Amino acid sequence: MEKTLLYEGKAKRIYSVAGKNDEVIQEFKDDATAFNGLKKDTIHNKGIRNTEITTILMNYLGENGIPTHFIEKISDNEMIVKKVDIIKVEVVCRNVAAGSLIKKFGFKEGTALQNPIVEYYLKSDTLGDPLFTVDHITALGLASAKDMEYIKSLTLIINELLVTFFRKRNIRVVDFKLEFGRDKDNNIILADEISPDTCRFWDVETNEKLDKDRFRFDLGKVEEAYEEILNRIKN
């Protein structure tokens, strides 16, 4: 399959596909970064595991009515996805206090939130991905207020689906980041990935972290955490 590199990010490469204007190849890398790129390393087989995890979860969400960019997995670390214009808004949904909720707002780590919190961050490495509001989003022309209402409602449905899916596998969905894009017909669909790179997963019984926080905070057993998530969701 003839392909041309279109974009390389911190965790993925995107390629155009010869003869297919509406599809691209999304390749998952083993590269790992944290703290806006200040910490960098390689996690062995991360790309392979995240490809498989994202495939399983995108298929699950698609089967439950969520529009996604996923088409098919084509190799150990590649998938064909619909070509989209990414909306430069990172959407974070939180069920349990962790990360910035502790550092910025004083929550106690592990506190179950009464209702999910949905936050928006400007997708900009140069500006440090700042937290911002729908008013900022509309002022910057990134999306309309109506678009953001739809994105929030879709995020909350995705949250319910993921919480249900992972609860059956004794995993607590602490929080996760989503990205959305517009397809060729201007429909807003879920894009990017869903993996331990973009989610916080804790074991229900032990609260053991099974995600990228093991890399961020030098907790060790990073590869094992990704493998554990994959093994649990295969069943």
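**Close-up 1. Lys-108 sits in the loop between helix H2 (100–105) and strand E10 (112–122).** Helices (H or I, at least four residues) and strands (E, at least two) are DSSP runs, numbered from the N terminus. This is a predicted model, where local features need pLDDT of at least 70, side-chain atom pairs count only at pLDDT 80 or more, and totals for chains, interfaces and linings use all residues. Residues are numbered from 1 along each chain as its sequence is written, and side-chain values use heavy atoms, leaving out hydrogens and water. Lys-108 counts as exposed because its relative accessibility is 66%; exposed means over 50% relative accessible area, buried under 20% and partly exposed in between (1.4 Å probe, protein chains only). Leaving aside residues up to four places away in sequence, Lys-108 touches Ala-97 and Ile-102, a contact being heavy atoms within 4.5 Å. From C-alpha to C-alpha, Lys-108 and Ala-97 are 6.5 Å apart, with their positions 11 residues apart in sequence.

**Close-up 2. Cys-93 and Cys-199 in a structure with zero disulfides.** A disulfide is a pair of cysteine sulfur atoms within 2.5 Å. The closest cysteine sulfur to that of Cys-93 belongs to Cys-199, and at 10 Å it is too far for a bond. Cys-93 is buried, at 0% relative accessibility, and Cys-199 is buried too, at 6%.

**Close-up 3. Helix H4 covers residues 145–167.** Its 23 residues should span 33 Å at 1.5 Å a residue, and the end C-alpha atoms are indeed 33 Å apart; the expected span is 1.5 Å times one less than the number of residues. Among the buried residues of H4 are Met-148, Ile-151, Asn-159 and Phe-166.
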